[in-house]
Amino acid sequence: MKLPIVAANWKSNKNVDEAISWMRAFAMQFSGFGGQVIICPPFIALASLQREILSNNWGVWLGAQNVSAFESGAYTGEVSASMLKGLVNYAIIGHSERRRVFRESDRDVTAKIKMSLKNGITPIVCVANEADIGEWRSIPEASSNTIIVAFEPVSSIGTGSADSFEHAREVTKALKAMLHPWKEVYILYGGSVNDENVSSFTSHSEIDGVLVGGASLDAGEFMEIIRHATR
Ligand code: PGA
């Protein structure tokens, strides 16, 4: 994996036309990056963005914002990992908004991680603290797979008040130790990341990248974050 990882979580924002406009505006300014850029738009925009990215050979990757805990079948409204296979390389799982608003449990998160891995999708699992590391810490699939974990303190999400690098580094260290059963672990920081504070997280090798919400919605602003995401 190329580092730092800079991932965009658009949440429930943008229709297909808006997503395509964002991508074109972003690509006009994007002239390569030493790390890995991952865009996580809503499901409805994935296919169009994939076409744009592949036909223009832009070096960015796509991720889903969620994935079903079920394989396939009678689960109205669910988007399964096998449906996302070939469309995305990554999937955000267990975001604090999903845990809070949709009551996602550790069991759900574990099932979603397993479904993603089975379909060749690397999970980006969000945790608010060490207590959110659950059953999935040591599933049998761990020893042969890569996991990305985003440490996102709830008090920093969408508040404009990012965590300190020192605290984020401390938690990152603890998370890496807890996740030793996994073959490969990358830890991101998320919560009010912007172009002014991003380098305080990415310039140290302890943190592998950032997950950006609000500040990723504007292509120019997100580009500035990438420019400042120095290693
Ligand atoms: P924020 O969101 O950057 O708007 O704080 C981050 C996230 O929820 O992933």
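Okay, Lys-11: at 22% relative accessibility it counts as partly exposed, where buried means under 20% relative accessible area, exposed over 50%, and partly exposed in between, with a 1.4 Å probe and protein chains only. It's in the loop between strand 1 and helix 1; helices here are DSSP runs of H or I with at least four residues, strands are runs of E with at least two, and both are numbered from the N terminus. The phi of Lys-11 is near 55°, a positive value in a residue other than glycine.

Before I go on, this is a predicted model, so to speak of ground rules: local features need pLDDT of at least 70, side-chain atom pairs count only at pLDDT 80 or more, and totals for chains, interfaces and linings use all residues. Residues are numbered from 1 along each chain as its sequence is written, and side-chain values use heavy atoms, with hydrogens and water left out.

Back to that loop. Lys-14 is found in the loop between strand 1 and helix 1 too, with phi near 80°, again positive and again not a glycine. Lys-14 is partly exposed, at a relative accessible area of 22%. A little earlier in the chain, Leu-3 and Pro-4 are joined by a cis peptide bond, omega about 0°, and Pro-4 sits in the segment before strand 1. Why flag these? Most residues other than glycine have a negative phi, and most peptide bonds are trans.

Now the other end, helix 8. Which of its residues are buried? In helix 8, residues 219-228, they are Ala-219, Phe-222, Met-223, Ile-225 and Ile-226. Look down the helix axis and those buried residues fall within an arc of 155°, so they line one face of the helix; the arc is taken over the directions from the helix axis to the C-beta atoms. The general background is that an α-helix has 3.6 residues a turn, so residues three or four places apart point the same way.

What does that face pack against? Strand 1 (5-9), helix 1 (16-29), strand 2 (36-40), helix 7 (198-202) and strand 8 (209-212), with contact meaning heavy atoms within 4.5 Å. And there's a cap: Asp-218 sits at the N-terminal end of helix 8, with a side-chain oxygen 3.1 Å from the backbone nitrogen of Gly-220.

Next, a pair in the interior. Val-125 is in strand 5, residues 122-127, and Val-125 is buried, at 0% relative accessible area. Leaving aside neighbours within four places in sequence, Val-125 is in contact with residues including Ile-93, Arg-99, Ile-148 and Trp-136. Val-125 and Leu-188 are 63 residues apart along the chain, and their C-alpha atoms are separated by 9.8 Å.

Follow that contact to Trp-136, in the loop between strand 5 and strand 6 (146-151). Trp-136 counts as buried too, at 0% relative accessibility. Its side chain makes a polar contact with the side chain of Asp-106, at 3.2 Å. For the record, a polar contact is a pair of N or O atoms within 3.5 Å; within protein, one must be able to donate a hydrogen and the other to accept it, and residues adjacent in sequence count only if both atoms are side-chain atoms. Not counting residues up to four places away, Trp-136 also touches Val-109, Leu-179 and Trp-182, among others. Val-109 is 27 residues from Trp-136 in sequence and 7.7 Å away, C-alpha to C-alpha.

One more buried residue: Ser-68, at 1% relative accessibility, in the loop between strand 3 and helix 3 (81-84). The Ser-68 side chain makes a polar contact with the side chain of Glu-78, at 2.9 Å.

Last, pockets. The largest pocket has a volume of about 330 Å³. Of the 16 residues lining it, the closest to its centre are Phe-43, Gln-65, Asn-66, Arg-98 and Phe-102. On the method: it's a 1 Å grid over the protein atoms alone, and a pocket is an open set of points where a 1.4 Å probe fits, with protein on both sides within 12 Å along at least five of seven lines; lining residues have an atom within 4 Å of a point. Points are joined across faces, edges and corners, and the volume is the space filled by probe spheres set on them.

Helix 4 (residues 96-101) gives the largest share of that lining, three residues. The lining of the largest pocket divides into six nonpolar, six polar and four charged, counting Ala, Val, Leu, Ile, Met, Phe, Trp, Tyr, Cys and Pro as nonpolar, Asp, Glu, Lys and Arg as charged, and the others, Gly among them, as polar. The second largest pocket holds about 240 Å³, and its lining is 10 nonpolar, seven polar and one charged.
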